[in-house]
Amino acid sequence: RICCIHSSVPYFPPQDTSAVQVTRRQLEELRLRDALTGIYNMEGFVAAADQLRRRWPQNTYVFLKFGINGFRYINRTSGFVVGDQVLRHIAGHLQASCSEQETCGRVEKDIFAAMLVFRGKADMARRMEQIRAALVDEELRRQLSVEINFTAGLYLPPDLQGEEIKDMLDKA
């Protein structure tokens with residue numbers, strides 16, 4: 001019988017040392033990361049996207065949001081270990097496709113998001129195809145017994161500074 005479960009946050013005295021400050025920064029960074037994939041979680045994605053739009057206000061950005069079709073089926077047929085491997089694989093390739101002026105994250109179970117620099121419709125179409133092709137490489141295709149497909153949406157905000165990041169992501 002469980003009587004009490006206690007979860008505590010470490011207490012640091014008011015007189016911070018540099019080691020404590022480093023630990024606090026590390027804890028803050030961990031709080032913004034998805035534990036499974038290592039890329040940003042929803043909170044981290046929102047913070048990073050907000051920082052990007054302030055740092056490069058001259059850029060035009062588009063929000064990409066996509067999910068894995070039938071991901072439950074992958075977990076059921078191949079197992080959760082393989083499902084987790086798929087998520088890590090997709091996250092790694094998505095992150096590799098982002099430049100320093102862009103960001104991405106795993107914002108829900110099998111839902112990923114990215115804030116990408118927009119340079120026109122033709123460039124975005126080419127880029128979406130490159131990202132889609134890179135998310136699932138040939139090695140992962142051979143390992144799985146099912147084809148991985150995605151459902152995605154894009155949102156090009158008319159005023160990047162005038163909307164909340166989460167609202168723009170929802171519109172994607």
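**Group meeting: K65 and the chain around it**

Okay, let's start with one residue: K65 sits in strand β1, which runs over residues 61–68. Keep in mind that this is a predicted model.

So, is K65 buried or exposed? It's a lysine, and K65 comes out as buried, because its relative accessible area is 19% and the cut-off for buried is under 20%.

And what does K65 touch, if we leave out residues up to four places away in sequence? There's a run of E108, I111, F112 and A113 among them. Then you also get T151, A152 and G153, and, further along the numbering, L169, D170 and A172.

Right, let's step back to the whole chain. We have seven helices and four strands. If you read along the sequence, the order goes α-α-β-α-α-β-β-α-α-β-α. On contacts, take the ones with a separation of 6 or more: 68% of those are between residues 24 or more positions apart.

For the dimensions, the C-alpha trace spans about 55 × 50 × 25 Å along its principal axes. The chain has 172 residues, and 40% of them are buried. K65, as I said, is one of the buried residues.

Now the surface. The accessible surface adds up to about 10,600 Å², and carbon and sulfur atoms hold 52% of that.

Last item, charges. The chain carries 23 positive and 22 negative ones. How far apart are the mean positions of the two sets? They're 2 Å apart.

That's my tour; happy to go back to K65 on the screen.

How values were computed. Residues numbered from 1 in each chain as written. Predicted model: local features only at pLDDT ≥ 70, side-chain atom pairs only at ≥ 80, totals over all residues. Heavy atoms only, no water. Helix = DSSP H or I, 4+ residues; strand = E, 2+ residues; numbered from the N terminus. Buried < 20%, exposed > 50% of the residue type's maximum accessible area, 1.4 Å probe, protein only. Contact = heavy atoms within 4.5 Å. Areas by Shrake-Rupley, 256 points an atom, 1.4 Å probe, with all protein chains shown as cover. Lys, Arg positive; Asp, Glu negative; His and termini not counted. Charge placed at Lys NZ, Arg CZ, Asp CG, Glu CD.
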